Amino acid sequence: MHKLLWVFLILLVLSACHSPRVRRQGDKSFIGMDEEELVTTIGPPDSSYEMGRERFLIYNKNGSHYYNGSYIPMSCKITFVFYKGDLDNWHFEGNMCDAYAESIDLH
């Protein structure tokens with residue numbers, strides 16, 4: 001019985017450590033939007049570039065975030081990938097990306 005409880009606790013701790021970046025990767029709620037819709041919704045990007053038929057819009061958030069009673073450093077980059085004018089995919093890099101995603105309504 002105690003072994004089963006330990007296994008459950010270990011699995012619970014490991015699931016709490018799951019990366020928000022992985023959980024949010026490829027969220028479908030914005031897929032299919034055109035660039036103008038996205039920029040109207042969340043604002044102008046910090047940078048952009050094109051490669052072949054793809055266009056990339058990059059949003060960066062740096063600073064600190066109040067979490068569990070203290071401020072922690074935050075650095076998050078969200079890259080939106082447009083293919084033939086429509087949003088095809090997007091992904092996060094960094095820490096505290098869930099907080100940033102919520103601040104620009106990507107949930």
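Two strands are taken to pair where DSSP finds at least two bridges between them. Read in this way in the predicted model, strand β2 is paired with strand β3, and Gly 63 has Met 74 of β3 as its bridge partner. The two strands, β2 and β3 (residues 70–83), run antiparallel and are joined by 14 bridges. In the hairpin that they form, two residues lie between the strands, and Asn 68 adopts a positive phi near 50 degrees.

A second hairpin is made by β1 and β2. Strand β1 (residues 47–51) and strand β2 (residues 54–67) are likewise antiparallel, with five bridges between them, and Glu 50 stands opposite Arg 55 of β2. Two residues separate the strands of this hairpin as well, where Gly 52 takes a positive phi near 65 degrees.

These pairings belong to an open sheet of four strands, in which the order is β1-β2-β3-β4 and the pairing is antiparallel. Strands β1 and β4 (86–95) occupy the edges and have a single partner strand each, so that one side of each is left without a neighbour in the sheet. On average, and with direction ignored, neighbouring strands of the sheet are turned by 20 degrees against each other. In general, the strands of a sheet pair through backbone hydrogen bonds, in either a parallel or an antiparallel manner.

The chain as a whole contains four helices and four strands, and from the N terminus on its elements follow the order α-α-α-β-β-β-β-α. Helix α3 (residues 35–42) lies across β2 and β3, and runs at about 15 degrees to β2. Of the 107 residues in the chain, 27% are buried, while the accessible surface comes to about 7400 Å², with 57% of this area belonging to carbon and sulfur atoms. Among contacts in the chain with a separation of 6 or more, 42% are accounted for by residues 24 or more positions apart.

One such link between parts of the chain can be followed from Ile 31, which is found in the loop between α2 (20–24) and α3. When neighbours within four places in sequence are left aside, Ile 31 is in contact with Leu 87, Asp 88, Asn 89 and Trp 90. The C-alpha atoms of Ile 31 and Asp 88 are separated by 5.7 Å, although the two residues are 57 residues apart along the chain. Ile 31 has a relative accessible area of 32% and is therefore partly exposed, since the buried class requires a value under 20% and the exposed class one over 50%.

Thr 79, in strand β3, falls on the other side of the lower cut-off, because its relative accessibility is 5% and it therefore counts as buried. Its contacts, again leaving aside neighbours within four places in sequence, are with Phe 56, Leu 57, Ile 58, Asn 89, Trp 90 and His 91.

With respect to the nonpolar interior, the largest nonpolar core holds 19 residues, of which Leu 38, Tyr 59, Ile 78, Phe 80, Leu 87, Trp 90 and Phe 92 touch the most other members. Two or more residues are given to this core by each of α3, β2, β3, β4 and α4, and the contribution of β3, with five residues, is the most of any element. In soluble globular proteins, nonpolar side chains tend to be buried together.

Finally, the count of disulfides in the chain comes to one. This bond is formed by Cys 76 and Cys 97, whose sulfur atoms are 2.2 Å apart, and the pair links distant parts of the chain, with Cys 76 in strand β3 and Cys 97 in helix α4 (residues 97–103), 21 residues apart. The torsion about the S-S bond of Cys 76 and Cys 97 is about 115 degrees, and the disulfide is therefore right-handed. Both Cys 76 and Cys 97 are buried.

Terms used:
Residues are numbered from 1 along each chain as its sequence is written. This is a predicted model: local features need pLDDT of at least 70, side-chain atom pairs count only at pLDDT 80 or more; totals for chains, interfaces and linings use all residues. Side-chain values use heavy atoms; hydrogens and water are left out. Axes are lines fitted to C-alpha atoms, for helices over the stretch in contact, and angles run from 0 to 180 degrees between N-to-C directions. Contact means heavy atoms within 4.5 Å. Buried means under 20% relative accessible area, exposed over 50%, partly exposed in between (1.4 Å probe, protein chains only). Accessible areas come from the Shrake-Rupley method with a 1.4 Å probe; for residues, only the protein chains shown count as cover. A disulfide is a pair of cysteine sulfur atoms within 2.5 Å. A nonpolar core is a set of buried Ala, Val, Leu, Ile, Met, Phe, Trp, Tyr and Cys residues joined through side-chain atoms within 4.5 Å.
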